[in-house]
Amino acid sequence: MQTAQAPVVPPAVETTRWVAVASLLGMILLCLAWELWLPERPSLWVLKVLPLCIPVAGILKRRMYTYRWVSLLVWPYFMEGIVRWNEGLPAMLEVALTVALFAACALHVRLRLKKATP
């Protein structure tokens, strides 16, 4: 009787997964800080974090569909960072994190389709 072995995931795919996880969690923390603690008074704009919380489980579970739609989800956050660029470091971090998340998701999908790994 053979035992089921877990599929071998190439290191590049695993790297893109962890970059996506780190940048998504970074965006969540940044948006919370930017709207709750950095301004003089908290804002209801903190609700913009909610769409970012939805894909966390799918990204951690390596669901290909999640990686695909997250690459589209990040663009409004990128635009917000560009529009609010003159506010300084938070806007610059938001732009950097959105670019990192998009690149990680796009590369992850491309590598998995190329290698056909689960």
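**Exercise 1: charges**

How many positive and how many negative side chains does the protein have, and how far apart do the centres of the two sets lie?

*Solution.* Keep in mind that you're working with a predicted model. Start with the counts: there are 12 positive side chains and 6 negative ones. Next, take the centre of each set; these two points lie 19 Å apart.

**Exercise 2: the overall build**

Work out which elements make up the protein and what its C-alpha trace spans.

*Solution.* First, look for helices and strands: you'll find six helices and zero strands. Now walk along from the N terminus, and the order reads α-α-α-α-α-α. Then lay the C-alpha trace along its principal axes, where it spans about 65 × 25 × 20 Å. Finally, check the contacts between residues at least 6 apart in sequence: 67% of them join residues at least 24 apart.

**Exercise 3: surface and inside**

Find what share of the residues is buried and what the accessible surface comes to.

*Solution.* Of the 118 residues, 41% count as buried. As for the accessible surface, it comes to about 7,500 Å², and carbon and sulfur atoms account for 71% of that.

**Exercise 4: a closer look at threonine 16**

Is threonine 16 buried or exposed, and which residues does it touch?

*Solution.* Step one is to locate it: threonine 16 sits in helix H1, which covers residues 11-37. Step two is the cut-off: buried means under 20% relative accessible area. Threonine 16 has just 6%, so it's buried. Step three is its neighbours: leaving out residues up to four places away in sequence, threonine 16 touches Ala104, Leu107, His108 and Leu111. With histidine 108 there's also a polar contact of 2.9 Å between the two side chains.

Methods: Residues are numbered from 1 along each chain as its sequence is written. This is a predicted model: local features need pLDDT of at least 70, side-chain atom pairs count only at pLDDT 80 or more; totals for chains, interfaces and linings use all residues. Side-chain values use heavy atoms; hydrogens and water are left out. Helices (H or I, at least four residues) and strands (E, at least two) are DSSP runs, numbered from the N terminus. Buried means under 20% relative accessible area, exposed over 50%, partly exposed in between (1.4 Å probe, protein chains only). Contact means heavy atoms within 4.5 Å. Accessible areas come from the Shrake-Rupley method with a 1.4 Å probe; for residues, only the protein chains shown count as cover. Lys and Arg count as positive and Asp and Glu as negative; His and the chain ends are not counted. The place of a charge is taken as NZ of Lys, CZ of Arg, CG of Asp or CD of Glu. A polar contact is a pair of N or O atoms within 3.5 Å; within protein, one must be able to donate a hydrogen and the other to accept it, and residues adjacent in sequence count only if both atoms are side-chain atoms.
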